[in-house]
Structure formats: C-alpha cells, structure tokens
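Reader: Could you walk me through how the labels on this model were reached? I would like to see each value set against its cut-off.

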Amino acid sequence: MSPRGGGGKNCQASPDSPTGGSRLWEGGACGRPQAPRKGTVASVLFRGVRNHLVPWHCRLRLLYRTVYLQVVEGPGAGPRAWNQLCRGAARKSGQRYIFCVSGDFVKVHSTATEECVHILQGHRNLVTGIQLNPNNHLQLYSCSFDGTVKLWDYVDGILIKTFVVGLKLHALFTLPSAEDSVFVIINKEKPDVFQLVSVKLPKSSSQEIEAKELSFVLDYINQSPKCIAFGNEGEYVAAVRDFYLSVYFFKKKTTSRFTLSSSRNKKHAKNNFTCVACHPKEDCIATGHKDGKIRLWRNFDDDKKYTYTCLHWHHDMVMDLAFSVTGTSLLSGGRESVLVEWRDATEKNKEFLPRLGATIEHISVSPAGDLFCTSHSDNKIIVIHRNLEASAVIQGLVKDSNIFTGLMVDPRTKALVLNGKPGHLQFYSLQHDKQLYNLDIIQQEYINDSGLIQIELTKAAFGCYGNWLATVEQRQEKETELELQMKLWMYNKKTQGFVLNTKVNMPHEDHITALCFCNAEKFENPTLVTSSKDGHFKVWILTDDSDIYKKAVGWTCDFVGSYHKYQATNCCFSEDGSLLAVSFEEIVTIWDSETWELKCTFCQRAGKIRHLCFGRLTCSKYLLGATENGILCCWNLLSCALEWSAKLNVRVMEPDPNSENIAAISRSSVGSDLFVFKPSEPRPLYIQKNISREEVQWGVFVPRDVPESFTSEAYQWLNRSQFYFLTKSQTLLTFSTKSPEEKLTPTSKQLLAEESLPTTPFYFILGKHREQQDEKINEAFESELVQLPLTENIPAISELLHTPAHVLPSASFLCSKFVSSLLLSKETKSSEEISEDVDMEEGKESDDSDEENDFTEKIQDTNNTDLGEDLLHQLSKSEEKELRKFRKVDYSWITVL
C-alpha cells in the first residue's frame, strides 16, 4: 500500500518560534525547578568525579555497579579491572563472607544464603582494592581513586578509620609482618608509569588521619592487582609487566629482573605476562601468559641459576592464578570457563571444574582453604568447595557486548528485561538486586570465537500484560546475506515460563527497526506490528491454528503497509489502541487500527525520526517525535497541527505508563541531561543537567509497588514510577531516596543472625522449653501496672546496642544518658500512681501476710479494668513472692544521678 499523500497537514515550526519553546528546554526560562543550585544539592559519586547532581534528598544511585568485575580502559594503559574479589573469604562464628567491589561500594555477601548483608559506603570514587586486615580478621581495608585507605568493621558494617594518602590508589596489599603498613600502587607524573610503595598507617584516636609517609618498593609495574603477589610469608614481592618479571627481596633490599623473548619473534609472539601468584611457604612464583602457558619459577634469587617449568592446558590467555593455603595446589582460569587445579604443580595431576558459564577473571581462596571463589565476566561469583563442587552462585546484572533490545519491564514479575548471555534475555529483579532467570531465545550452542559472526538477539517486546513476548534475531556475514527470524513466545502458567509458539523466517526483506504490541484493553485479539528498512510495516494477528489432533493458536500476517517506498523507522500504538503511528524517515503517518487506513501525515524536515511515542491519560491527544538533527516535536492529533517544538538532541525518550510524564535524555558536549515534561505543556517539569558524563543509550520507567508521596511538584514524577537509564559502558543508574545499606531487606539480616544459632540435639530439647518459659515471663511482665517504655524506641539504647564496643565513648560519658533514658517521666505519673508509691514506702516493714493483702488491695484500687482480676487468677503463690522481691529493691540510688 503506497498512498499518494495524507489527509493531514505537513507541519513544520522553527525552533526559535514562540511555539517552539527551545529556550525553556535549555534550563534558563523554566518557572519550575531545573538545574540544582549550589548549596541545595546532594552529592553523588559517578565515574571518579564528585558531581553535585540532585536537589533535596533525591539521589542518583548506581545499580549496575552491582557489577563485581568491570573492565575499564585507562588513559594510555591496557584493560584493567577496577573491581575485584577480596583474596580470601572471612569466617566468624560459623559464618563466611565474600567481599566484592561494586563501584564506590564494597558489598558483603553471605556464602550460605547468597544475600548481601552489608554495603560498606564511604569512598568518594571507584574502589580499586580490598584486603582483610591480617592482624584482625574482623576488619577490612579498602582503597580508592579518592586517595584514601579505609578500615572497616564488616560485621557491623561501619567505618573505623580513614587514612588520607592523597594520591590515586590503584591496588591494595597487606602483609602480617607489616603491622602498621599497607602496600599500594600509585602512578607518578606519566599516566603509564606505576610504582609499588609502602604506606605507613599512623596510630591515632582520630577517625581521619593523614598517611603521607611513603616508601618506594618497585617501579615499572602493571596497575592491575593480578600482576602483583607477595610470597613465602612476605619475604619477597613479584611483579609482572609486558615481558618482564621483577622480584624484590625485603631483607636483602635487592631486585632481580627476568625477561622473556619479545613479540618480534613469531615463535614467542604471545609470551606476555598476564598474572602472577606466589607460593605461600616456598620460593616459587607462578606466572600466567597470553599464550595460555603457566611458568613456575624457582631459584630466582640468582639471576644466572634461575629455572622455570611450563604447564600448558589453556588455549587462550591465563586470566588469574592462585595458590591454595598450603601451597599444594595451583588454581588457574581463563576464557574457557573452566577452573583448573594443578595438584603438586605437575602437568599430569590436574582436576577440572568445567562449564562455569563465562570467562574466569578472578580467583580467590578462603583463609581456611576449604572454599574457592571465582568471579566471571558476566558479573557472577561462584563459591566452590575444596572438592571442586559449586555450592553457591551470586549473579548480578549480566553485561553483554551490546544491548540491542533496550530496557523493558516484564508486566508479570516487574523485572527488568534486556540482553543477557549471548542469545538470552535476562530477567533481573531490581527490588532484590538479583537475577531471576535467563530465557534462551536463539537456542543454539554459543562458540567463543572472536572471528565468528554470531546470531544476535536484536529486538524484543512484551504484549498483552505479559502473556506474549516477541523477539527478533539476525545474522549477517555479507550485505546480501541476511538471516532474519522472528519468534512469538506464549506464557505458560503451569511451567511459569515462556514457550515458543510461532517462528517466522524472514518476516521482512531487510533489518527490522521496531516492533510493538497493541496493549489496549478493548482489543481481545492480540496484535503485533513490525517495521523494517525494506519500506514496509506488517500487522500480525493471533489466529486459530487447531487441527483434528489438538487445539492451537498461531500468528499470521494480516496487513502490509508502506509510504512512498521510504524506510519505516519506528512504530507505536496509542493508549486506547485506536491509532497506529509509523514513521517513514522524516514523515510520520497515522493509521486507523480497525481498517488500516491512512488518516493523516506529519512532516518535519529536520532529519529522520529517531523516537516516536503517544501521550497518555489526559495527554493522549498528543504525539511526540524526536529527529536525528536535534528537534523534538509535539503534534496535536485533534487539530493535526504542530503544538510546539524544541531544539533538543534527544537520545532517549520514554513515557511513564502510570502518568502523563515523559522523560527525554539529550546529549551535550558536557554529558547527558534529563528533561521530564508533559506533552500538554512546553515547559519541563524537571531538568537535571549532567546526569552522566557518557552517552545514555536506553531508559525505562518501572512502576512502583507502593507509590511514593513526594509533595514537591518537581519530584512528583517519581511518585508512581522509578526511572532507570543505561549508559554506553552498561552502567545502570536510577534516582533513589534510600542509600544502598537501607535498601537491604530485613530478611537477609535476619537470616544472617539465625545462621549463628547451632541446631544441636540439645537445642531442640532445651530450646523449645526456654521459649515457653520466656513466653510466660513476658506475659507476666506485660500485665504489670507500670509499663516501661519500649527499648527499641529509645535512641540511647539503640546507640549502645548497634555500636561496637571498641568505638564507643567511655562508660562514664554514656552512663548518665543511658540511665536517664530508662527513667519514667514525672509528668506522666497519675495521682493514683503517686499514692501507690507512698503506700509502698510505708509498707516496707510489714510482714509477708500483710504485704500480700496490701498488694491485692492496691491492684484492685488502681485497676478498675478486668486486667487486675485476671492477674490475680493467673499468678501463683510463688510468682507473687517473686514480684514482691522486686518491690523491695531500693531504687533511691537513682536520685543521686
């Protein structure tokens, strides 16, 4: 179908016209709050720069920095891992913890429950190293690009001390022999020149201390922590870079250097060092190389008599090495996704743990030696027992090479859906910060070969309240050889997952640019629309595909539309499903969804239409389009005219499904800016400049389970939905009012506490008996006349109970405050209670029988309710005697305080 024209108008407005409103979108003339002013903003940390971003208490939080491993290209240097596993899991009272870096946070996970129990927050830049305190295994050191070394109590999740070094720190190491020092990697002057130095940590009662005393150890080293290792109980340190191995001996204060053949010789083209590990008790150094070999160096204290032997199994570069605690085994990992254990460091005696799912980037060994940990390129940590059996998996948001599908929300689970593992869609719970499951779309074995052209999952869309899922996959080796396939998946309630229903080979003759479902309630028959570069858009409907054997449904093409052979770039349905908008390069066409007749066209000669969406609720009569040349247009569907336009280079435009608000993110020379607006008004509701220094590629509104109640007009757009956006480096960010520690669920901390209780046979016998006794005592005390205030509501008690003893002030300072908080206020006492106290003073010297009579009389006088009568019937003689003992206690010492 190729209509000659349209029934509408060709609307074009100048960006500087009064209806354009471009100045309002630059943040200068908007009457509502726009860019935050100095002094009224909350500070947020992002990509190494302290940015003042969001006014009030609304903060920008990094979600995808739940990435445990993120490889970043540094200036003038090769790829390096900012984030790493702590080399060693900690154990306390039967508990084991895993520490992992997540951006500027350090997360503490339980190996038993896989829950995040603490988030150590305090650094102002990316954390680059973490190490257990060798002299106190309940403490953790961390270093960051902010130039500080922090000491944490990870059990309680609090910061103990901060040592200010003042230089950019790239890695951190500790030694038991160096009690008051740590080792860090710094760079001086030139960006590619790195040094290993020792930093003396001064002892002081202050919480923030300057540590400026540095001692040089090694230079010309790699900044990656995998390229530095200490051996033989700290007698020497080994460092590798390029084709060089350097060993520094602390006692001799000498350095030995060893060189391998360079890449000029084709035979030794991949001799580059990639990682190093040292034997904990012997003079043995293991080095990994780019060609997949592992070299074991011995006698390296002599430059002429040194020897090395080779172990070779990996077909690609060795990513990391680690010795066991006793040194009897060597662990290695790489791109094969296989953990190799070399026992006794011999070629023949090796064991494997295969099919770990992704490239092994880091290996860690627990101090007890009974657990191993591997972290992978797909943002996953696997806990492995000593017998090479995986026991736990901590999976974060999977980082794919490219995010083609964008960000979507599963209507059923409210999970974030996007590209995951190759050929998969990942469903990720934002509320619990964990992956729910992966859906295999391509259903073919993935071959890890850089030269092989893979099948890519390019498009996906949910429809009919999560009952249907449409996906598009493609593969193209040459321009004329395009393999295209569209799949329709139906949700199965029995299996609680999606099942393939229809497969369409070559639905279009060229790449599919967009697909969307009609989600209007009045449409009983599901409808799907796809647009393509072949100049057509197609309408697919669900039809009855039953036969004599079974009942079935399937999808078939119902209509094909086009407009003057232009490429179709976008498509979307109106909220009620009555209209379909399809953009053909610079022209927007409006179609009737019942008859598929062309109703009108809008033309904006400002480049191809990049984004297209309808308004919602009260703004459903508006249609918005963003062009490649930086023009944002709003058309009125009733008058078929341009309502307003603004000069804005929109890269992301997403409507809120629960309100009229639309979020648009533009790209400027400084960074990315956020604009929130309603189509009915040309002035934005909210403007946030520089939300990211890099390009934002995708965004999505996620409906809230419980709406917020922000009263400020500038933040009401966050009440019903939360906005997430993904940057070019696949960092997921959002606006949040809670810190990461506050987001932790109470159940995770409760499970952590319950794990410390031993479940012995005596516990099952005596535990229940004690619980019953506690219940009786509680019931007796609750029925007393004088009710003490609840301890959890008293700030002084909460402060004492939740703060470790070693960081509390002196007892004399807290005693008066603590005792005062336990006293009852005189203002709250009634006249009856005062008279009762006087009677108690006078009746101290009476005998037991008189006391018993007075006690029952006072209860009857002061309590006109049935509580006193119930108490008399419930209490036995022995219980009443116990209560009388409490009444005889002298409390006059309190008046002295």
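Reader: Why is C518 called buried?

Author: In this predicted model, C518 has a relative accessibility of 4%. Buried means under 20%, so C518 counts as buried.

Reader: And C278, is that cysteine buried or exposed?

Author: The relative accessibility of C278 is 9%. That value is under 20%, so C278 is buried.

Reader: How do you know that C278 is in no disulfide?

Author: A search of the whole structure finds zero disulfides. For C278, the nearest cysteine sulfur belongs to C284 and is 8.5 Å away. A disulfide needs two cysteine sulfur atoms within 2.5 Å, so this pair does not qualify.

Reader: Happy with that. What makes R386 and E341 a salt bridge?

Author: Their side chains meet at 2.8 Å, N to O. The cut-off is 4 Å between a side-chain nitrogen of Lys or Arg and a carboxyl oxygen of Asp or Glu, so the pair counts as a salt bridge. In general, side chains of opposite charge can pair when their charged atoms come close.

Reader: Where in the chain are the two partners?

Author: R386 is in the loop between β33 (380–385) and β34 (390–395), while E341 belongs to strand β29 (residues 339–343). They are 45 residues apart, and the pair links distant parts of the chain.

Reader: Why do R386 and E341 get their burial labels?

Author: E341 has a relative accessible area of 0%, which is under 20%, so E341 is buried. R386 stands at 28%; this lies between the 20% and 50% limits, so R386 is partly exposed.

Reader: Which salt bridges does R475 form?

Author: R475 meets E477 at 2.4 Å, N to O. R475 also pairs with E483, where the closest N and O atoms are 3.4 Å apart. Both distances are within 4 Å, so both pairs are salt bridges.

Reader: What makes R475 buried, and how are E477 and E483 labelled?

Author: R475 has 18% relative accessibility, under the 20% limit, so R475 counts as buried. E477 is at 44%, and E483 is at 44% too; these values fall between 20% and 50%, so E477 and E483 are partly exposed. Elsewhere, salt bridges that share partners join E341, R343 and R386 into one network.

Reader: How many salt bridges are there in the whole structure?

Author: The search finds 18.

Reader: On to the surface, then. What makes E235 part of a patch of negative charge?

Author: E235 gathers there with E233, D283, D301 and D303. Patch members need over 30% relative accessible area, and E235, at 36%, is therefore accessible enough. E235 is found in the loop between β19 (228–231) and β20 (236–241).

Reader: Why is K107 called buried?

Author: K107 has a relative accessible area of 5%, under 20%, so the label is buried. K107 is placed in strand β8 (residues 105–110).

Reader: Lastly, what is noted about the phi angles of E114 and K565?

Author: E114 has a phi near 65°, a positive value in a residue other than glycine. K565 has a positive phi of about 60° and is not a glycine either. E114 lies in the loop between β8 and β9 (116–121), and K565 in the loop between β46 (553–562) and β47 (568–573).

Reader: How do you know that K565 is exposed and E114 partly exposed?

Author: K565 has 78% relative accessibility, over the 50% limit, so K565 counts as exposed. E114, at 33%, falls between 20% and 50%, so E114 is partly exposed.

Key
Residues numbered from 1 in each chain as written. Predicted model: local features only at pLDDT ≥ 70, side-chain atom pairs only at ≥ 80, totals over all residues. Heavy atoms only, no water. Patch = residues over 30% accessible without salt bridge, like charges linked within 9 Å, V, L, I, M, F, W, Y side chains within 5 Å. Areas by Shrake-Rupley, 256 points an atom, 1.4 Å probe, with all protein chains shown as cover. Lys, Arg positive; Asp, Glu negative; His and termini not counted. Charge placed at Lys NZ, Arg CZ, Asp CG, Glu CD. Helix = DSSP H or I, 4+ residues; strand = E, 2+ residues; numbered from the N terminus. Buried < 20%, exposed > 50% of the residue type's maximum accessible area, 1.4 Å probe, protein only.
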